[in-house]
Each structure stands twice: as structure tokens, then as C-alpha cells.
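Work through these exercises with the model open beside you. Try each task before reading its solution.

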Amino acid sequence: MIHINTIDWVIVIVYFILMMGFGSYYGKFVKTSKDFFFGGQRFAWWIIAFSCVATLVGSYSFVKYSANAYSNGFSSSMSYLNDWMWLPLLMFGWIPIIYYSKIKSIPEYFEKRFDSRTRLMLTVFMLLYLIGYIGINLYTMGVVLNPILHVFADSDVNFYFIVTVIAVVSAVYITAGGQTSVIMTDLLQGVLLLVAGIAIFTLGVAYLGGFGEFWSNVPAGHKFALARYNDSASFSFVGVFWQDGIANSAVFWFMNQGIIMRFLSVRSVADGRKTILFVILILCPIATFAIDSTGWLGTAMVNKGVLAPDVSSQDIFIHVAYLVCRPGIFGLILAALTAALMSTVDTLINASAAIWVNDVWQPYVKPGKSDGYYLGVARWVSVIAMLVGIVLVPVYKSVGSIYQAHGIFTATITPPMAVALMMAMMWKRYSSKAAFWTLLGGALMMFLGMIWPQYLIQPFSHGIPLSGGMFKGYKYIRALYGVVCSLGIGVIVTLITRPKDAAEIAGLTFSTQSVLMKLFKGTEGNLKKGSIVHLKVSSSELVPSGGEEEGMALVLLSGPAMKKLAALAGDVVYVCDTRWWYGGLRSLHTRAMAPSDELNEDAIYMTPRALELAGFKEGQEVTAEKLL
Amino acid sequence: MKNKLFLLIIAAVFSTLTAEAETDVLGLMLNLHRFDISCKMFDTENGKKVCGVRHADEFSELMKVEDKAAALAIVEDLQKKSKERLAKLEEMKGSLPEADADEAARLSEVALRAQQGDEKAVEELFKAGYAAIPAILDIGNEREVLPAPEVQKILSEIETLADAAIMYEGGNGLNRDVMQRLIEREESYGAILKRAVIGLEGTRRAFPYWLPFVYMYGLGFIPFFAGIIASVIYYRRIRLDVIALVMGSYLFYFCLHGYFQFIAPWSN
């Protein structure tokens, strides 16, 4: 029986209050819909990197991956350590495309690249997925915390109380601060997740009597990095490779609206590249270790005889954490579990609001309204998305088939979406009709494969045994079947249909940096290398207003300052507070006007509105950097 | 003549290999049986029960034995003997006296002391003979810990004696409770054998441990290479710093996975 100490309760409650207050504080930085959805596109790479990890680690991650690690050893890390395959493609293919083409959502990219029909279908797919997933995260969190946190004696009342409190805390700060709050709270939550996971491992190793004891009590068969080739229906190498490594990773990094919004929140393409490089090379291995190591500890503890061998793998995380953590530390672990949930749910809510406003409300319901109007709609949609998520929880709890239906739906659409995006990016000949039929036909083939796995998926099974019947058979390797079917449909339809005009899709496929920069800037990009210059901001009536709300205010600089920046009139200059720890929170993108030699050499002039949007004070020291 | 000699050498080598395979299988099966106390059950996703971590490992080792036909024949033979033994245990159980409750309670305390490292208790437990079996098994069943290595050793020795006693239908000191526990263990052993037969009869093959590594770093290089092409298109030239950066990332993961795939499992 797990008993929560008073100090643990205090830590959990203080954590909730802290998160709500901290997240809501950033509401003051949200003045436009661009701020709400993309945090003003001004953040430094390291802030976005930590927030990406917080999103990557979901509410179920600690429990699910600890259980997997307990049963399968180090190979459980496969699920998070195969994203390296996509690293160069993200850095040099996808991030420049989405950043420079100024898209706001993945469905919008599909409209630009193909047509409105494909955009609409993808919008429906993504909204169903996102809203359903908010409910799933809340539900799984309730399942995990309900046996531990006893506020009410009645188990059901307790369950809904936990879910509602967490949902309300998240909704309050997201509604106030949108993406800025999401990024800043996720930075804290990401650090907390990693620290908590590493703390459990450190304490567990000490509990066992040192690292040598831990290592010798992990069976040799559990020390392999990769799972056995095809032995198990539930966790085999080839299945995980195709499902997690290829289909899921591609959709997560290239199409997950929450992740796309993070990439669009960085101040430049170079920072976007640094983000993904740091996440995949540094944070992913650390996060994997933090999440999985409790399961490895559990194995060592069972083998040493200090933990009951009949502990269910699903309970191993809580049992090990409870065993090795003193009161207070356990409270921190519980806070980390809720952090894992909140940091995923806040991203999902913000992403749902972005898709609803940008892909439904703005183009179809109320086009041509002011930015303030859409900002208001975005706030309301955030509240509604959370309410729908809460309403879905009792539905998932009482009707298991609906919960499963969401899982089946996700599995159905993932491979076609991954294939459609890859072909859209890499193959100019890939036509609009082909994209539409890749999505629809691929999903249909996936659905049929799940009904008759023994006939349709079996040829792709690599010898993995068929376990479970309809909708359950070949749970992992079916991704390969989906990829092959979608690819086949895409290629065949492309070859018999007409592609879109090359001029219409300029910058939406693999492109040169000059084409992409021109798309973003409107004129040729300036690639001449300049210096970062320290200046003082000043408001001036000499600078005409306009462009501030679109995140491209005009600025006036002296000739020498422009020379140091290697900037020309019309170039994009990023102006930022000199205090690095703000991580770009107080900054803005500007467009340089023609220089004037009569101005103070050490000053940068902008409109009062631009000063307000950036959070600068008159006379404040800033850095200026020419981006392109 | 030369051909005949060659065939004889081949036959000798083959028979040696087969004998080694048999020894491995027997050793593993013995381990599975002896340690089935640790084979506590936990739910899997399809609702079936499987053995715990240690058992699963041993079972997987068994699956890797090269000569599947020989292994299958041995396991089927063991299965047949297990069934016969189970029938005999059931038959004998009815004729045995009930266990002495006071003595059983005393032995539970002794077993607990033995578990905590008391050497006198270990000796006392061994002297108690068959009657100590339920007390030792209760350490695992009720106290939720694995018996200490010394206690497991006693259990193993007592069980060997019990095997002999049952074979000759003798064994003073056997009672109904002890027999019930032996029946349960035999049933558990039978379940393990059944799994072994299913596994060995299946079409699955044990692939070498390096295959997943080659598969991942071979096929995984396709999207990786597409990214390198994207960089060449983007910059309109091959930039060595970019190539060095991305290949460095590839090597980082290559070495990380390589260490845990080829070195870590063999280190202690």
C-alpha cells in the first residue's frame, strides 16, 4: 500500500499553483495571434529543445516505458532512440520549408502544395486525433494517479477530481499565454522530468548497493540495445523499427502540429536546426534514460530479491519510486508525473486551437476578420478543447471500445500521412490527386489489413508470430504494410495524373536557400556574414508604423551599424534583449530601413508599438543580428 | 576410404555438437524447474500469463539452441515424464496424512530466519526434510521475496530426495500439504514445457543478435541519406562541415547502439 506523506502533498499542491501562476504570467506577452500560436517566433533554440522533450514525454511514458524496460531491458530504449534517421531531413529539408514558407499548420501546407480538398481531409484527421488524444492523456493520468493520490474515499469521484484539477490548471495558463506559456512551462516541466527520472535511478542504484550491484543484477539478455529480431508479437525489433522508427517518428517530428509550432517559434532556421540537433543527440538519450531506467532498476531489484517478483510490470514505476524515494522526493516524482501530462496536454490544446482557427474558422467560417478577433477565438477554442477532453474521459472509462477506436484510427492514418508528407517534400511530380488518394487509399488499406491481418499483413511480417485477431494482429509490423501500400498508391496515381505547376509549389519541396529566403523575405536573401551589434533601443516618429502585428516591424539604423551587421535596406534583423536567460522572450524580428548617417551610431529606432510588442524599454541595451 | 574417414569425422563432430545442444537444453530446463519459484506471473497485453524476467531470459536462451529437432525431442520426452510424475503425485496424495499445523508454523519461522541469513536455521531447515518444502515456497508466495540462494539450494536438495522417494513410493515425512505443493510445482513445470514445445514447433528462427543492428543502420540510412541530399540541394554544393556534422550524429548513435549490442551484454 502506497501512503502519501504530508510533505509529498504539499509539494504536489505547490507545484500546481506554481505552474498555474508561472504559465499565466506569460499572458502579458501575448498580443497577437502569432504570439498565441507561435510565441511571437522569437525563442532561442535551447528553450524550444527542452519544451520539445516535455511534449515528447507523455503522461503514460513513465509507466509505459518503465513497464517495457522491466520486461525487455535496455532494448526498451529503441522507441525513443531511432529518431536519428530523420535528423538531416529535418535540418535541411523540412525546417527550412515550413519556416520560410510561413505556413501556420500542416493542413495549410497541404493546401499550398496540393489543393483545398486534401487540406480539408487532413484537417478532419488531425482534429479527430488531437481532441481524442487530449482525452486519452487525461484518462491515462487519472488511471496512474488514482491509486496513489487519495483525496476522496470514492474511487470514481477521486479519479474525476484528479483529471479535472489537472485539466483546469493546464487550461488556465494556456488560455492566458498560449504558446508562450506552453514553451515556458514546458521548459520547467522538461527539466523536472529529466531530473526526477535521473534522481530515481541514482537513489535506486544507492539502494541496491552501487552501480556494480545494479549492473550485475541486470541479466545479460536485458543488456542488448535492440530487441530480438522477430521473436515477440508485442516487442520485436522489426516491428518497433517500422512502427516507432519510421511511421510514428516521421509523423511526430514532421506532422505533429504541436512540434511544428515549436519549430515555428524559434527565432531563425539556424536555431531550429540547433533545436532538433540538441534534442536528438543530447536530450532524447537523457530522456530515454530518465524514463526507462526505473524499469531496469526494477529488474535488478527483483533479481537481487529486494523487490517482489510478482509486481506487475505496469506498477513497476510506482513501486520502485516509492521504495527508493524518501518523503518529499516522492512528492517531486508525483509532480513530475503530472508535469509529463500537463506538458503534453497543453501542447495538444494549443495545436487544436491553431488548426481550428487557421484551417476551419479563418478560411471557412469567418474570413477577413482582425487579428484580435482570431486571438479571442483561439482562447475560446482552447477552453472548449479542454472541456471536450474532460468529457471524453468518462466515455473512455466506460466504453473501452471507443478508447480502442482512437488507437485504431491513429494506427490507420499514421503510415499514409507519413508517406504523403515525404513524397510531397521530395518529389515535385507528386500530384494533388496522388496525395489525396495516398491518404484515403492508404488509410483504407490499413483498415482492411487490420481486419484480415493473416492475409494482408502476413507477407510483411518478417516471421513475427500473429498474436490476437482483428485489429490486434501484427500491431507493430503493420506499419510496414501501410507504408508499402501508401507508397504504391502514391506512385501509381502520380504517374497517371498531372502534377501541379512547378511555379505554384516553389519552396514547398526540397529547395535551394535562395528560393526559400526569397519566399520568406520577398526579395533576395542577403547571405553576407555580419556581426552581432550591441545597440540601445529608442522609439522614433521617423519610423513608419505597419508590419508590427505580422512580426516584421520597421527599424532605422545608422550607416555604420548597418555596415557592421552587413545589412541592406529590406533585410530581416533580429533584435533581442541582451540578457540571454530570457531566451528570446523579449525580442522581435524587424525589417531594416535605408540607413541614415544623421542618427546615433549606437541606437536602433523603432515605433512605440514595436517596443511594446518586444517588451523593450526606452534606452534598453539590445543585440541586433542580420538574419537574411 | 578417404571419403569414409571424412564422413566419420563429420559424424563425430556433429554428434558432439548435438550432445552439447542436449546438455544446454537439459541445463536450461533444470534451471527453469528449480527457479520456477521466481516465475511469478504478471499480465501481458493479450491477457495471457508469462513467466517473470529471469524465466523469460532462460526460456529465450532455450529458444536459441541451434538443433531444434533434438531440443524438441528432449522437451517432449521431459513433458511425457512430467505428466507421468504428476499422475503419480496425484495418486499418492490421497494416501498421505495431513500436515502437523504446529510443526508447519514452526518451520515457517525457521524458514524466515534462514532467509535472513541465520546459519543454524539453514541447518534446521535442511534436517526437517520434505516438511520444509511448504515453508520455503511460502517465502516466495506470501512474503513476496525470492528465497535466499542458501534456501534455494536446500529446496533443490530436498526436492531431489523427494523425487527419489516418490519414484520408490516411499519417503517418510511426506504429507498431504507437501504433496500438494509438489503437484503445483509439477503443473508449473508442465506449463513451462508446453511453452517450450510451442516455441520449438513454431516457424520462428532465432536470428543472430547483430542482424537488428545491421538492419537499423542499413535501412535507417535511407531517410538519413535523403537528408544529406536535401542539404546539397539547399546549399547547391556539398558542404563538408554539414556532411561532417550529420555523419558525426550517425556515428554517435552507431557507437551508442553498438556498445550495448556487442559489448555490454558480455560485461559484468
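**Exercise 1. Describe how helix H8 and helix H12 of chain A pack: angle, axis distance, orientation and handedness.**

Solution. Start with the geometry. Helix H8 (residues 155-208) and helix H12 (residues 269-304) of chain A pack at about 25°, and their axes lie 8 Å apart. Helices here are DSSP runs of H or I with at least four residues, strands are E runs of at least two, and both are numbered from the N terminus. Axes are lines fitted to C-alpha atoms, for helices over the stretch in contact, with angles from 0 to 180 degrees between N-to-C directions.

Next, name the orientation. H8(A) and H12(A) are therefore roughly parallel. The classes are: under 35 degrees roughly parallel, over 145 roughly antiparallel, 65 to 115 roughly perpendicular, and the rest oblique.

Then the handedness. H8(A) passes H12(A) in a left-handed crossing. Left-handed means that the near helix is turned anticlockwise from the far one by less than a right angle; right-handed means clockwise.

Last, the residues. The H8(A) side includes A:Leu193, A:Ile200 and A:Phe201, and the H12(A) side includes A:Phe289, A:Leu297 and A:Met301. Contact means C-beta atoms, placed from the backbone, within 7 Å. The contact of H8(A) with H12(A) divides into 14 nonpolar, four polar and one charged residues. Nonpolar covers Ala, Val, Leu, Ile, Met, Phe, Trp, Tyr, Cys and Pro; charged covers Asp, Glu, Lys and Arg; the others, Gly among them, are polar.

A word on the source. This is a predicted model: local features need pLDDT of at least 70, side-chain atom pairs count only at pLDDT 80 or more, and totals for chains, interfaces and linings use all residues. Residues are numbered from 1 along each chain as its sequence is written, while chains are lettered from A and ligands numbered from 1 in the order in which they are written.

**Exercise 2. Do the same for helix H7 and helix H15 of chain A.**

Solution. Helix H7 (residues 116-145) and helix H15 (residues 371-398) meet at about 60°, with axes 7 Å apart. H7(A) and H15(A) are therefore oblique. Their crossing is right-handed. Now list partners. H7(A) brings, among them, A:Ile131, A:Gly135 and A:Tyr139; H15(A) brings residues including A:Met386, A:Gly389 and A:Tyr396. By class, the contact of H7(A) with H15(A) holds twelve nonpolar, four polar and one charged residues.

**Exercise 3. Place A:Glu621 in the fold. Is A:Glu621 buried, exposed or partly exposed?**

Solution. A:Glu621 sits in strand E6 (residues 621-626) of chain A. Count its neighbours: 13 C-beta atoms inside 10 Å, so A:Glu621 is partly exposed. The scale is 20 or more other C-beta atoms within 10 Å for buried, 12 or fewer for exposed, and partly exposed in between, with C-beta atoms placed from the backbone. Leaving out residues up to four places away in sequence, A:Glu621 touches A:His534, A:Lys536 and A:Thr578.

**Exercise 4. Which sign does phi take at A:Lys102 and A:His462?**

Solution. Begin with the rule: most residues other than glycine have a negative phi. A:Lys102 has a positive phi, near 60°. A:His462 also has a positive phi, near 60°. Locate them. A:Lys102 lies in the loop between helix H5 (87-100) and helix H6 (106-113) of chain A. A:His462 lies in the loop between helix H18 (453-456) and helix H19 (478-496) of chain A. Check exposure. A:Lys102 has 15 C-beta neighbours inside 10 Å, so it counts as partly exposed. A:His462 has 18, so it counts as partly exposed.

Technical notes: Two residues are in contact if their C-beta atoms, placed from the backbone, lie within 7 Å.
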